[in-house]
Amino acid sequence: MTKTTLKIDGMMCGMCEEHVNDAICGAFEVDKVTSSHLSGETVIISKRPLDKAKLDKTVKEAGYTLVGITGEPYTKGGRFSFLKKISDSSLHGTAGIIKTCWNFIQHRFFFFSVANYFNKIKQTN
């Protein structure tokens, strides 16, 4: 999977975002396209890297200017992807351990709350 970020000049509103999204979806086989006129960016998730020349042509034909393209590998985070953060270099030290533990506690509390709710429903039936 690949994450491609486009810097686009000329998007002014939500309708502009939709025009860019539709143009890219029509020209490429993508899994997800998200645009923001506020940041001037479009983020594309696809199975394979996209052709930069074709991206430039597609954005131009939609009426906008492609200013920059960056690409990087993309891995989808799963339900427990927050647990992977403990190995991140930004989370080393006491603050990182506390943050990771707090995230873990919050998620465990949510799952136990849902389980208790369904157990109460079973008991009343």
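What covers the buried residues of α2? I will come to that after the overall layout. Please keep in mind throughout that this is a predicted model.

Let me start with the chain as a whole. The protein chain has three helices and four strands. Reading from the N terminus, the order of elements is β-α-β-β-α-β-α. There are 125 residues in the protein chain, and 25% of them count as buried. The exposed surface of the protein chain is about 9,000 Å², with 58% of it supplied by carbon and sulfur atoms. As for contacts in the protein chain with a separation of 6 or more, 59% are between residues 24 or more positions apart.

Now the strands. β1 covers residues 2-9, and it pairs with β3, residues 41-46, in the antiparallel sense. That pairing has six bridges. To find your place in the picture, take T2, which stands opposite S46 in β3. β1 also runs antiparallel to β4, residues 65-73, and eight bridges join the two. Here the marker is T5, which is opposite T70 in β4.

One residue of β1 deserves a stop, and that is T4. Is T4 buried or exposed? Its relative accessible area is 4%, so T4 is buried. If we set aside neighbours within four places in sequence, the contacts of T4 include T42, V43 and I44. The list goes on with L50 and L55, and then I69, T70 and G71.

Next, helix α1, residues 14-27. With 14 residues at 1.5 Å a residue, α1 should span 20 Å, and the end C-alpha atoms are indeed 20 Å apart, so the two figures agree. Which residues of α1 are buried? They are C16, E17, V20, N21 and I24. Looking down the axis of α1, the buried residues fall within an arc of 135°, which means that they line one face of the helix. On the other side of α1 we have M15, D22 and G26, which are exposed. The buried residues of α1 pack against three strands by name, β1, β2 (32-36) and β3, and against α2 (52-61).

H19 is also in α1. H19 counts as partly exposed because its relative accessibility is 40%. Along the chain, H19 and Y64 are 45 residues apart, while their C-alpha atoms are separated by 9.6 Å.

Some of you will look at the cysteines. How many disulfides does a search of the whole structure find? The count is zero. C13 is in no disulfide, and its nearest cysteine sulfur, that of C16, is 3.7 Å away. The cut-off for a disulfide is a pair of cysteine sulfur atoms within 2.5 Å, so a pair at 3.7 Å is not counted. From the other end, C16 is likewise in no disulfide, with the sulfur of C13 as the nearest. As for accessibility, C13 has a value of 32% and so counts as partly exposed. C16, at 12%, counts as buried.

That brings me to α2 and the opening question. The buried residues of α2 are L55, T58 and V59. They cover an arc of only 95° around the axis, so they sit on the same side of α2. What covers these buried residues includes β1, α1, β3 and β4. You have already met one of the buried residues, since L55 is among the contacts of T4.

The face of α2 turned away from the buried side carries A53, K57, K60 and E61, which are exposed. Take K57, which has its place in helix α2. The relative accessibility of K57 is 51%, and it therefore counts as exposed. From C-alpha to C-alpha, K57 and A27 are 9.9 Å apart in space, against 30 residues apart in sequence. Just after α2 comes G63, with a positive phi of about 100°.

To go over the main points again: β1 pairs antiparallel with β3, and β1 also runs antiparallel to β4. The buried residues of α1 pack against elements that include α2, and what covers the buried residues of α2 includes α1. The search for disulfides came back with zero. That is the end of my part.

How values were computed: Residues are numbered from 1 along each chain as its sequence is written. This is a predicted model: local features need pLDDT of at least 70, side-chain atom pairs count only at pLDDT 80 or more; totals for chains, interfaces and linings use all residues. Side-chain values use heavy atoms; hydrogens and water are left out. Buried means under 20% relative accessible area, exposed over 50%, partly exposed in between (1.4 Å probe, protein chains only). Two strands pair if DSSP finds at least two bridges between them. Contact means heavy atoms within 4.5 Å. Accessible areas come from the Shrake-Rupley method with a 1.4 Å probe; for residues, only the protein chains shown count as cover. The expected span of a helix is 1.5 Å times one less than its number of residues. The arc is that of the directions from the helix axis to the C-beta atoms.
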